Amino acid sequence: MTDELEARRFRLISGVFYPDEASQLLMTLIEDKISFHQRNNWSRRERFGETDTASAGRISELRQTKADLAALVEEAEAAGMTLSISGNIDITLTPK
């Protein structure tokens, strides 16, 4: 590995979706992230008897995001519109 840290970008989502497709895609992503943080929180409680505050906070943020996205999808549905969605994952390797 070089001394310079290189950021890498991966395209996760790119396309135009009908509201029902967009809802399924976005809600699945959000639910998977919520489940990930719930498992982290449960694991920390089991091992150390304490809450993973970072995961607990992230769960709250994700639940709000889920509600906001659901409202946006409903708005698109009511207006007879599609949703153009693009999402990238940016990763930078960093030393420990």
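**Reading burial, core and pocket**

Modeller: At 9% relative accessibility, N41 counts as buried. Keep in mind that this model is predicted.

Biologist: Why does N41 count as buried?

Modeller: The cut-off is under 20% relative accessible area. N41 has 9%, so N41 falls in the buried class.

Biologist: Where is N41, and which residues does N41 touch beyond four places away in sequence?

Modeller: N41 sits in helix α1. Leaving out residues up to four places away in sequence, N41 touches T51, D52 and S55.

Biologist: Is T65 buried, exposed or partly exposed?

Modeller: Partly exposed runs between 20% and 50%. T65 has a relative accessible area of 31%, so T65 is partly exposed. T65 belongs to helix α2, residues 53-79. From T65 to A79, 14 residues along the chain, the C-alpha atoms are 21 Å apart.

Biologist: What is the general idea behind a nonpolar core?

Modeller: In soluble globular proteins, nonpolar side chains tend to be buried together. Here the largest nonpolar core has 14 residues. Those touching the most other members are F17, A22, I30, I34, L69, L83 and I85. At least two core residues come from each of β1 (7-17), α1 (19-48), α2 and β2 (83-92).

Biologist: Which residues does I30 touch, not counting those up to four places away in sequence?

Modeller: I30 touches L62, T65, K66 and L69.

Biologist: What lines the largest pocket?

Modeller: The lining includes L26, I30, L69 and I85. By class, the lining has 8 nonpolar, 3 polar and 1 charged residues. β2 gives the most, with 5 residues. The pocket volume is about 240 Å³.

Key. Residues are numbered from 1 along each chain as its sequence is written. This is a predicted model: local features need pLDDT of at least 70, side-chain atom pairs count only at pLDDT 80 or more; totals for chains, interfaces and linings use all residues. Side-chain values use heavy atoms; hydrogens and water are left out. Buried means under 20% relative accessible area, exposed over 50%, partly exposed in between (1.4 Å probe, protein chains only). A nonpolar core is a set of buried Ala, Val, Leu, Ile, Met, Phe, Trp, Tyr and Cys residues joined through side-chain atoms within 4.5 Å. Contact means heavy atoms within 4.5 Å. On a 1 Å grid over the protein atoms alone, a cavity is a set of points where a 1.4 Å probe fits but cannot get out, and a pocket is an open set with protein on both sides within 12 Å along at least five of seven lines; lining residues have an atom within 4 Å of a point. Grid points are joined across faces, edges and corners, and a volume is the space filled by probe spheres set on the points. Ala, Val, Leu, Ile, Met, Phe, Trp, Tyr, Cys and Pro count as nonpolar, Asp, Glu, Lys and Arg as charged, and the others, Gly among them, as polar.
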